[in-house]
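This report examines one protein chain for a reader who is new to structural description. Please keep the sequence and the three-dimensional view at hand while reading.

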Amino acid sequence: MCGIVGYIGNQDVKETILSGLEKLEYRGYDSAGIAILNGNGINIYKDKGRIAHLRNVVDFGVKGTVGIGHTRWATHGKPNKVNSHPHQSSTKRFTLVHNGIIENEDALRLEYLKDTKFESDTDTEVVVQMIQKFVDEGQEVPLAIRYTLTLIEGSYALAILDQENPEVIYVAKNKSPLLIGKGEGFNMVGSDAMAMIHHTNQFYELHDKEFAVITKENITIYNLFGMTINRDYYIGELDATDIEKGTYPHYMLKEIDEQPFVLRRIIANYQNEMGQLSMDENILSAIRQSDRVYIVACGTSYHAGLVGKHLLEKVASKPTEIHVSSEFVYNTPLLSERPFFVFISQSGETADSRAVLVKVKEMGYPTLSITNVKGSTLYRETQYQLLLHAGPEIAVASTKAYTAQIAVLAILACKVAVTCDIDMLKELSIAANVMEALCDNKELYDQLARTYLATTRNCFYIGRHVDYYTCLEAALKLKEISYIQTEGFAAGELKHGTIALIEDNTPVIAIITQEGINLNTRSNIKEVKARGAAVITMSLKRLSSKTDQIIIGDVHEYLAPLVSVIPAQLLSYYAALHRDCDIDKPRNLAKSVTVE
Ligand code: M6R
């Protein structure tokens, strides 16, 4: 979702901010803008569209050593030039960029800004107008900002410029992510480390309801009462080369290809000196003491959670429930006596999941996050943490984080079990080899996507048991990047209604990885074929039949979801490619969904 970059130092800011915004493009956005502050005042350039377009709008002749930039994912008001950030107060003294949602904007307008003429339809403009109002009433700027923040309800990451003080960027945060980057003779601010990693690897976290004053030499963090907070910076582990595409045409393809390597890295990271799988004993004993695990997640992470539930119940005999975060928070189920909560999130920033976390922490229950981003909100705010070690995932469509989540959940299940019946280390290593073989066979998926998916209006994935979970993830992957209307379906459910949608040449992709359901799913394949469907079948080698188009190397049946998703990811990729879609940045979507 929205991204923020700011810089204050001795260099001209334009390129630093524009390239920082490009590093945040993966988050998803529909418009962008920058503000440059210099001795002559503020210069603002903004418009609907990509950063590449913004580069044409910016006047490169204008110089300045202080600036802020923004990518906007529209929530309040259409994506257009006027609603793009930065926004200014009526006098133009204050300029601000914002990520988040001001929930009480209507009440604030009524109470404080009755006479203010607004330029945009955004909630954001309320904030900058209120700062101006309180300054006009005689408050010092930092106090006016802090006072405004105490009146706001909702989420915000803010970067603010004051035309009358070009030596400072003010920043603040509540619920939405924001990091401060510490440099030599300059300082930066960004929605995440990727926007700053080419300039610094030293970062200060800003916590909720904190405010900071940043000059080129100093960073001072305050709470909203104006008390200084002492905090050490940390060294970011992100490698600048990890966020480049290299020779790949798209991040998604690069990230699909990285999966065998990520799986091996997970195995290495969760091993002790004796070469055995190992995990933090505190986490394992907390889960063992609980009477039920509740997994909470969204989207692809939810699908990984479905597999996680299966693993925890089968491998560790631990009763497990899985819930969609956005439902759980407002419709909380009856909980067991000793619940243990697991939050799965690639970004660690998903607002829906965080809302659940806040709620269950208030109830006093133990919480674990499984995330890819050390230091992210969920990572920081949960009691226990497990990392995915997948490296930055930049394509909006999640691929390597999904398989990493399943792998970490498999290790967790194995370690929670009193006795683990499978040699998880060996089986994961086999899965990594199978993944590699699948990734090496791209022509097949390219060809199948060209034949079956290049022009179709809709598509179905069908499967039973854990293959059904893979179908849900496969369908999400296909629809989000190729815009083909796709449903993931429990194969046995088709005949209860959905089979009515099967017409001549409707693509149906069947997944078979579990011995117990092989024949049942094959019966369902016959049913849809009889109604004209164009079927692609993928199966594990030991369950395959001569006519199956995609054969997946054999793996332990518990780990089949780790490998069966790879053909689906590649089919989605090539379908989107043949349909000329913007693969890494699909329309309307954001990588990091930081609003509820
Ligand atoms: O960062 P998270 O894992 O919490 O994100 C949750 C979903 O928004 C995410 O998995 C989304 O469904 C994927 N980008 C889809 O590929």
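The sections below treat the domains, the sheets, the open and enclosed spaces, and two points of the backbone.

## Domains

The structure is a predicted model. The domain assignment of the chain gives three regions: domain 1 (3-240), domain 2 (245-436) and domain 3 (441-583). The centres of domain 2 and domain 3, taken over C-alpha atoms, are 25 Å apart. To the contact between these two, domain 2 contributes 34 residues and domain 3 contributes 29 residues.

## The antiparallel sheet

Strands of a sheet pair through backbone hydrogen bonds, either parallel or antiparallel. Both arrangements can be studied here.

One open sheet has 7 strands in the order 5-6-7-8-12-13-14, and their pairing is antiparallel. Strand 5 (87-88) and strand 14 (228-229) each have a single partner strand and stand at the edges, so one side of each is left without a neighbour in the sheet. Strand 5 is joined to strand 6 (residues 94-99) by 2 bridges, and the two run antiparallel. Here Gln88 stands opposite Thr95 of strand 6.

A helix also belongs to this picture. Helix 4 (residues 124-136) lies across strand 5, strand 6 and strand 7 (156-162), and its direction makes an angle of about 145° with strand 6.

## The parallel sheet

The other open sheet to be described consists of 5 strands in the order 22-21-23-24-25, with parallel pairing. Its edge strands are strand 22 (485-490) and strand 25 (550-552), each of which pairs on one side only. From one strand to the next, the twist averages 15°.

Strand 21 (residues 458-463) and strand 22 run parallel and are joined by 6 bridges. Within this region, Cys459 stands opposite Thr486 of strand 22.

Two helices lie across strands of this sheet. Helix 15 (residues 442-453) lies across strand 21, strand 23 (507-512), strand 24 (534-540) and strand 25, and runs at about 155° to strand 24. Helix 18 (residues 560-578) lies across strand 21, strand 23, strand 24 and strand 25, and runs at about 145° to strand 25.

## Pockets and cavity

The table sets out the volumes of three spaces.

| Space | Volume |
|---|---|
| Largest pocket | about 920 Å³ |
| Second largest pocket | about 520 Å³ |
| Largest cavity | about 70 Å³ |

The largest pocket is lined by 41 residues, and the closest to its centre are Ala193, Leu238, Asn372, Val373 and Lys374. Two or more lining residues come from each of strand 11 (202-205), strand 15 (234-235), helix 7 (259-269) and helix 12 (377-381). Helix 12 gives the largest share, 3 residues. By class, the lining has 17 nonpolar, 12 polar and 12 charged residues. Why does the largest pocket lie between domain 1 and domain 2? The reason is that domain 1 (3-240) and domain 2 (245-436) both give residues to its lining.

The second largest pocket has 24 lining residues, and those nearest its centre are Gly299, Thr300, Ala590, Lys591 and Val593. At least two residues of this lining are supplied by each of helix 9 (299-316), strand 18 (339-345) and helix 16 (466-482). The lining divides into 9 nonpolar, 10 polar and 5 charged residues. Because domain 2 (245-436) and domain 3 (441-583) both give residues to the lining, the second largest pocket lies between them.

How many cavities of 30 Å³ or more does a search of the whole structure find? The search finds 1. The largest cavity is lined by 13 residues, with Thr75, His85, Gly100, Asp123 and Thr124 closest to its centre. Its lining has 3 nonpolar, 8 polar and 2 charged residues.

## Two points of the backbone

Most residues other than glycine have a negative phi, and most peptide bonds are trans. Two places in the chain should be read against this background.

His85, which is among the residues closest to the centre of the largest cavity, is joined to Pro86 by a cis peptide bond, with omega near 0°. Pro86 lies in the loop between strand 4 (66-72) and strand 5.

His465 has a positive phi, near 60°, although the residue is not glycine. His465 is found in the loop between strand 21 and helix 16. Strand 21 is part of the parallel sheet, and helix 16 supplies residues to the lining of the second largest pocket.

Terms used. Residues are numbered from 1 along each chain as its sequence is written. This is a predicted model: local features need pLDDT of at least 70, side-chain atom pairs count only at pLDDT 80 or more; totals for chains, interfaces and linings use all residues. Side-chain values use heavy atoms; hydrogens and water are left out. On a 1 Å grid over the protein atoms alone, a cavity is a set of points where a 1.4 Å probe fits but cannot get out, and a pocket is an open set with protein on both sides within 12 Å along at least five of seven lines; lining residues have an atom within 4 Å of a point. Grid points are joined across faces, edges and corners, and a volume is the space filled by probe spheres set on the points. Helices (H or I, at least four residues) and strands (E, at least two) are DSSP runs, numbered from the N terminus. Ala, Val, Leu, Ile, Met, Phe, Trp, Tyr, Cys and Pro count as nonpolar, Asp, Glu, Lys and Arg as charged, and the others, Gly among them, as polar. Domain bounds come from an automatic or database domain assignment. Two strands pair if DSSP finds at least two bridges between them. Axes are lines fitted to C-alpha atoms, for helices over the stretch in contact, and angles run from 0 to 180 degrees between N-to-C directions. Contact means heavy atoms within 4.5 Å.
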